[in-house]
Amino acid sequence: MQDKKDLTRRTFLKIAGVGAVTVGPREILAIFEDGSMIVQDHFIPVDKNLPAAWKKSLFERGVKEVWSGAELESIGMPCGGIASGQLYLCGDGTLGHWEIFNTHEFPSYGSTNYAKREIKQPVEYAFALLVERDGPPQEWNLSKTGFPDVTFTGKYPLADVTYSHQHCPLKTVLTAYSPFVPLLAKDSALPMTMLEYRIENTSDREVRFYLNAGIENPVPVQPTTDAKGRMRETRLTMEETLTSVVHTCDRAGDEFGPDVVHPRNTVVIADFEGGTYGGWTATGDSFGTGPARGTLPDQNRVSGFVGRGLVNTYLHKDGTTGSLTSPAFTIERKYINFKIGGGNHPGLECMNLLVDGKVVRTATGLNDERLLWEAWDVSEFEGKQAQLVIVDTATGGWGHINIDQIEMGDAVRSREEVNERRGDPNRAVGTLALALFEKGVAIGEGRYGLDERHFGQMRTDWKTLAPGQSTTVLAVLAWHFPNHPKGRQYANWFKDAEEVVRYVHANYERLSTDTKKWVKTYYDSTLPYWLLDRLMATVGNLATGTTEWWGNGRFWAWEGVVCCAGTCTHVWNYEHAMARLFPELERNVRERQDFGEGFHEDTGLVGFRSDNAYAADGQCGTVLKAYREHTISANDEFLKRNWPRIKKAMQCSISHDPDANGLIEDSQHNTYDINFEGPNTFVGALYLAALLASEKMATEMGDTEFATQCRAIFEKGSKATMEQLWNGEYFIQKVDADKHPEYQYGPGCLADQMFGQGWAHHVGLGHLYPKENVRKALESVWKYDWAPDIAPQNARWKPERPFAVPGEAGLFICTWPKGERPNEPVRYRDEVWTGIEYQVAGHMVWEGMVEEGLAICRAVHDRYHPAKRNPYNEVECSDHYARALASWGVYTALAGFNYHGPKGEMSFDPRFKPEDSRVAFTAAEGWGTYSQKIEDGTQNCTLDVKFGKVVLNEFSVRPAPGTKPTSLGLAIPGQVGAVVSRRDGLVVLKFSEPLVMQEGTAMTVSLGSSILGSGSLPL
């Protein structure tokens, strides 16, 4: 056979015309001019065959999308404050998914999670116009019911919903949002939604109308405890500029009452300590032949059980079903106590108590492997025969249950754990307010039982509009439910929802103006509308059940809505949005968790879920995040406070490289919920980037010895990686497959292989490996991992969970284009995760692969079109998955933005149409717009501060491709002098003293060949 290196493209075409070629056991499907080849079982086309018009559209500004009709059914834009609960603005302007009451629903994952889903609206709420013209007033409900042709235009955090009808003389535009002002965390975390109704008379005659609003009292949402004698209440306010309805209810008592004075001995029903289930009867295949001994293979750590044994139906993961039924027994005590964990699927994953053959009590897990005590009050059944049935019939995510130590007693075994499981009986007790910012009329005041459905209503005074005239009615919905298990930060600011309303009322002009200023700044860009929408939509994850801001001030988060706790260091490794927009919150996570509760002083370990567990990628990422948080600060106080622990965290990673050769070669737990064995660039590039970041920080802290050590290890690691892991096209994993046959990727092309290199660019660390190799690796990721249609690859290799369906494009986590796919490769390999897609796309942009990066992002945007699913909810293991916050890294890459606040250094190198570019930027104390445009051979660059202030000692820009400027013109506020130089292709301005640019000021730098004027400087 002809050697593959001699096969030219022409030769390949000849071979392709007569069939595939066989080399040993492998069938070659394609051989290319550079000698690379694709083998059997790889179904991703190298030539993506993307239509020219589609590729062109990636770069076009386009028009802002307006959604209507069936598209509205999927839309659920988060419209509350950061970490204040979860409330959606639906496509027709109504409100849905009312998870503001300290409970959240885990939506499962995979096909369930990725499917188009109905947005629940459990609280009845409505705004309507009462229009008087030619007869009695006619009601027009402001929803799709009243206006079937309603349209939705979203610019997160703000959306416009337009209501118009040929028979209604009034056109109404609802502008809804919660205040969102980058750098102002408190004002962006208010538990409220602003509703601004702009009403215009579009008829040719005068129209008289009023706006009516009503909302039921849902407090508490599900009054299941101690309802007898408790009352709900509605209060009204009618003042000169404020009308409000405030709903609340009485507090609940202790469901279990006082302890028994002389309790009888405890009776153990089952402790599951034996080798079998004894007299219990098992069906199906999920229980096995006897109790488990703790955590099962591939399962997250199980804890909280008693002794050595327990029921654990993860025996064959989540795909099996069955039941386990106890022998009949007599109820002899007041309570049945037991420990329970696992999935939260009522009726499907549960333990039931049967009396007379009927289910009289049931309990489920909380989507958590930790077992907690639960207690059933069974005093009413004392003396009766009963049975327990442990049910395992769910096969999706969390399709298993954990049970242990079932016993009868006259006391609750652990009120603390039971209350933690169930939540405070007053968890959903608080206040909910709806208000108009004007004088009006309200009705519905009073007290009434929990079983009574009650509405509070209010309306404006009658208003008259002449033809073409308009007016705006301001309304606000606010909530205050402080009884979260960890408390609510907003409860430190306000005593109830009425106080929230009054704060917003008093500060409305500022909050509204600054929010709209941000939206205008962000969208006043040369970037395409579709891209701006997509990169900002994920930021709404911060205002969902994914995040919590506790009463003690700590910011904490899940991976997705109530899925996988602990602000996980490796999933949150991908996130850049909160860091750039609200750096105060990001520093909070670093100091309260990574270098606080999760830090181990003796070893430098950062527990990746604020625990005792090591994750190699999260450990390295913590150092990188610390450096980022330092550079986004106004001064070096953050670094000074945390440097000793940052250094120890880096030393912990170095301890996993005992020969200091720059390669981590031991067992490396990581974000794929597995351990990589042996050197690889997924962890390795993060390690090298962390070493460079540590060198930078050590230098700033005067620790030259540690800086030198980090640089030396980095140099060795960079060289060793090229020698051991570069296969000519991309970086592989070096692993002993005989010792580690499962969950490795070996010769595979991992989409995340250059994760650390992307991180290095985001914080200005440069290349970790030769630039040409980095670029080649990304080209291979594009060639082998991104499919314009995932169907062929997934038809052969079924994903564990589908996050893309046939007909949709996506980036696979890993493929084996050259063959040698392990029998059980890296977990999740055949899935598509938007967080990785954004990470890769952003890195591609940094390396000049702009078209490919945009194509990846456009595929995400198309998958989340509202015709298919909620465009504001990119899912992975759960809803609003944190990894998707990597989208902001694409934005900063497109801007070519780098910043070091303490040094006062800022630079721009736009990758998207550098001849005419305009983007938003955020700094430590202010934000604004950077633009550059070539006009008559001169590149005019303008930094315009829109909010706060920006302090600069150095400002750098890159001459646009094709320009060769020889002189520079400078127009800056004040009398600050500057010296110009060149560095790494950038034009660098160093100011003689700090340049302080206040809100409303701008600086212009002009690069050309004949710049004249007093501010002219030679280049």
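Colleague: Which residues in H5 meet Tyr529, Leu531, Leu532, Asp533, Leu535 and Met536 in H6?
Modeller: First, a caution: this model is predicted. Contact here means heavy atoms within 4.5 Å. On the H6 side, Tyr529, Leu531, Leu532, Asp533, Leu535 and Met536 take part. Their partners in H5 are Trp518, Tyr522 and Tyr523.

Colleague: How do the residues of the contact of H5 with H6 divide into nonpolar, polar and charged?
Modeller: Tyr and Trp count as nonpolar, and Asp counts as charged. No residue of the H5 and H6 contact is polar. The division is eight nonpolar, no polar and one charged.

Colleague: Are H5 and H6 oblique or roughly perpendicular to each other?
Modeller: Their axes lie 10 Å apart, and the packing angle is about 130°. Roughly perpendicular covers 65 to 115 degrees, and roughly antiparallel needs an angle over 145. H5 and H6 are therefore oblique.

Colleague: How is H6 oriented to H17?
Modeller: Helix H6 spans residues 529-537, and helix H17 spans residues 850-863. They pack at about 70°, with axes 10 Å apart. That angle makes H6 to H17 roughly perpendicular.

Colleague: Which residues of H17 make the contact with H6?
Modeller: H6 brings Trp530, Leu531, Asp533 and Arg534. The residues of this contact divide into five nonpolar, one polar and three charged. From H17 come Leu854, Cys857, Arg858, Val860 and His861.

Colleague: Which side chain meets arginine 235 in a salt bridge?
Modeller: The N to O distance is 4.0 Å. Arginine 235 sits in strand E15 (residues 231-238), and its partner sits in helix H5 (residues 497-523). The pair links distant parts of the chain, 263 residues apart. The partner is glutamate 498.

Colleague: How many salt bridges does the count come to?
Modeller: The rule asks for a side-chain nitrogen of Lys or Arg within 4 Å of a carboxyl oxygen of Asp or Glu. By that rule, the count comes to 65.

Colleague: What is the area of the nonpolar surface patch made by Met238, Val441 and Ile443?
Modeller: One of its members, isoleucine 443, lies in strand E30 (residues 440-443). Met238 and Val441 join isoleucine 443 in the patch. Its area is about 270 Å².

Colleague: Which residue does a cis peptide bond join to tyrosine 156?
Modeller: Omega of this bond is about 15°. The partner's place is in the loop between strand E10 (151-155) and strand E11 (158-163). It is proline 157.

Colleague: Is the peptide bond from valine 219 to proline 220 cis or trans?
Modeller: Proline 220 is in the loop between strand E14 (207-216) and E15. Omega is near -10°. The bond is cis.

Colleague: What is phi of asparagine 367?
Modeller: Asparagine 367 is found in the loop between strand E25 (358-363) and strand E26 (368-377). Its phi is positive, in a residue other than glycine. The value is near 55°.

Methods: Residues are numbered from 1 along each chain as its sequence is written. This is a predicted model: local features need pLDDT of at least 70, side-chain atom pairs count only at pLDDT 80 or more; totals for chains, interfaces and linings use all residues. Side-chain values use heavy atoms; hydrogens and water are left out. Axes are lines fitted to C-alpha atoms, for helices over the stretch in contact, and angles run from 0 to 180 degrees between N-to-C directions. Helices (H or I, at least four residues) and strands (E, at least two) are DSSP runs, numbered from the N terminus. Angles under 35 degrees count as roughly parallel, over 145 as roughly antiparallel, 65 to 115 as roughly perpendicular and the rest as oblique. Patches are made of residues with over 30% relative accessible area and no salt bridge: like charges are joined within 9 Å, nonpolar side chains (Val, Leu, Ile, Met, Phe, Trp, Tyr) within 5 Å. Accessible areas come from the Shrake-Rupley method with a 1.4 Å probe; for residues, only the protein chains shown count as cover.
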